[in-house]
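Me: I am new to this structure and should like to learn how its features are read. May we go through them one at a time?

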Amino acid sequence: MTKTYTTRFGSLADYRKGTIDIIDDDPTRYAFSNVFEVAAGARPYEKVAVGKNRQYVVEAIRAEGTSEWRTAPHDEFALVMDGEVEIRLQKLGADDIGPTAERGSNALDGAPSGPAMGRVVAGRGHMTLLPVGAAYQFHAERPGVILLQTQESPDTVLRWADIIQTN
């Protein structure tokens, strides 16, 4: 008998929590959460870590309205999981104060003064490079979800006890 499997991709409006089966191990060693559930409970552009490996994190971000301008001392990647997000890119100007933390994304005080680099309109499944030396701003007309691959920063929200599911 052949088993049938269905891949189901969720959204903010329609997701289903999965389960995890741990055999001969302690389930509290594993971080298992649903990025749509995390984003649904977050404030717009709050950066909630849903995965961590040393200094690297994957942050679930609820995209809604317009974010502040941010920059990082390293490349980052934004993967749109739900909705449509405009990503505005602009070079940092000579007088702009760059990243204030050694790693992770950092908020800027206002818009950068360098030249515009362009914009990307990313839909579900689109990934965009957020290059070092540039600032970026997200904009979403309707709520969506972004996964940001970056390094942990002071703005990274760690709330493992609230989001981890162990069964």
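Me: In which sense do β4 and β9 pair, and over how many bridges?

Reply: Please note that this is a predicted model. Strands β4 and β9 pair in the antiparallel sense, over five bridges. One residue pair illustrates the register: Val-80 has Ile-146 in β9 as its bridge partner.

Me: With which strand does β4 pair over four bridges?

Reply: That strand is β8, residues 127-130, and the pairing is antiparallel. Here Glu-76 is matched with Leu-130 of β8 as its bridge partner.

Me: Is strand β4 mostly covered or mostly open?

Reply: Strand β4, which spans residues 76-82, is mostly covered, with five of its seven residues buried.

Me: How are β1 and β2 connected?

Reply: These two strands form a hairpin with two residues between them. In the turn, Arg-54 has a positive phi of about 55 degrees. The strands run antiparallel, and six bridges join β1, residues 47-53, to β2. Asn-53 has Tyr-56 of β2 as its bridge partner.

Me: Over how many bridges do β2 and β9 pair?

Reply: Ten bridges link β2 and β9, again in the antiparallel sense. Among the residues involved, Val-57 has Thr-150 in β9 as its bridge partner.

Me: Let us turn to a single side chain. Where is Trp-69 found, and what does it touch?

Reply: Trp-69 sits in the loop between β2 (56-66) and β3 (70-71). Leaving aside residues up to four places away in sequence, Trp-69 touches a set that includes Arg-88, Gln-90, Leu-108, Pro-112 and Tyr-136. The C-alpha atoms of Trp-69 and Ser-105 are separated by 9.8 Å, although the two residues are 36 residues apart along the chain.

Me: Why does Trp-69 count as buried?

Reply: A residue is called buried when its relative accessible area is under 20%. Trp-69 counts as buried because its relative accessibility is 12%.

Me: How does one look for empty space, and how much lies in the largest pocket?

Reply: Rolling a probe the size of a water molecule over the atoms shows where empty space is left. In this model, the largest pocket holds about 190 Å³ of space. The elements that give two or more residues to its lining are β5 (84-91) and β9 (134-151).

Me: Which element gives the most to that lining, and which classes of residue are found there?

Reply: Strand β9 gives the most, with five residues. By class, the lining has four nonpolar, two polar and five charged residues. Among the lining residues are Asp-82, Glu-84, Val-121, His-139 and Arg-142.

Methods
Residues are numbered from 1 along each chain as its sequence is written. This is a predicted model: local features need pLDDT of at least 70, side-chain atom pairs count only at pLDDT 80 or more; totals for chains, interfaces and linings use all residues. Side-chain values use heavy atoms; hydrogens and water are left out. On a 1 Å grid over the protein atoms alone, a cavity is a set of points where a 1.4 Å probe fits but cannot get out, and a pocket is an open set with protein on both sides within 12 Å along at least five of seven lines; lining residues have an atom within 4 Å of a point. Grid points are joined across faces, edges and corners, and a volume is the space filled by probe spheres set on the points. Ala, Val, Leu, Ile, Met, Phe, Trp, Tyr, Cys and Pro count as nonpolar, Asp, Glu, Lys and Arg as charged, and the others, Gly among them, as polar. Buried means under 20% relative accessible area, exposed over 50%, partly exposed in between (1.4 Å probe, protein chains only). Contact means heavy atoms within 4.5 Å. Two strands pair if DSSP finds at least two bridges between them.
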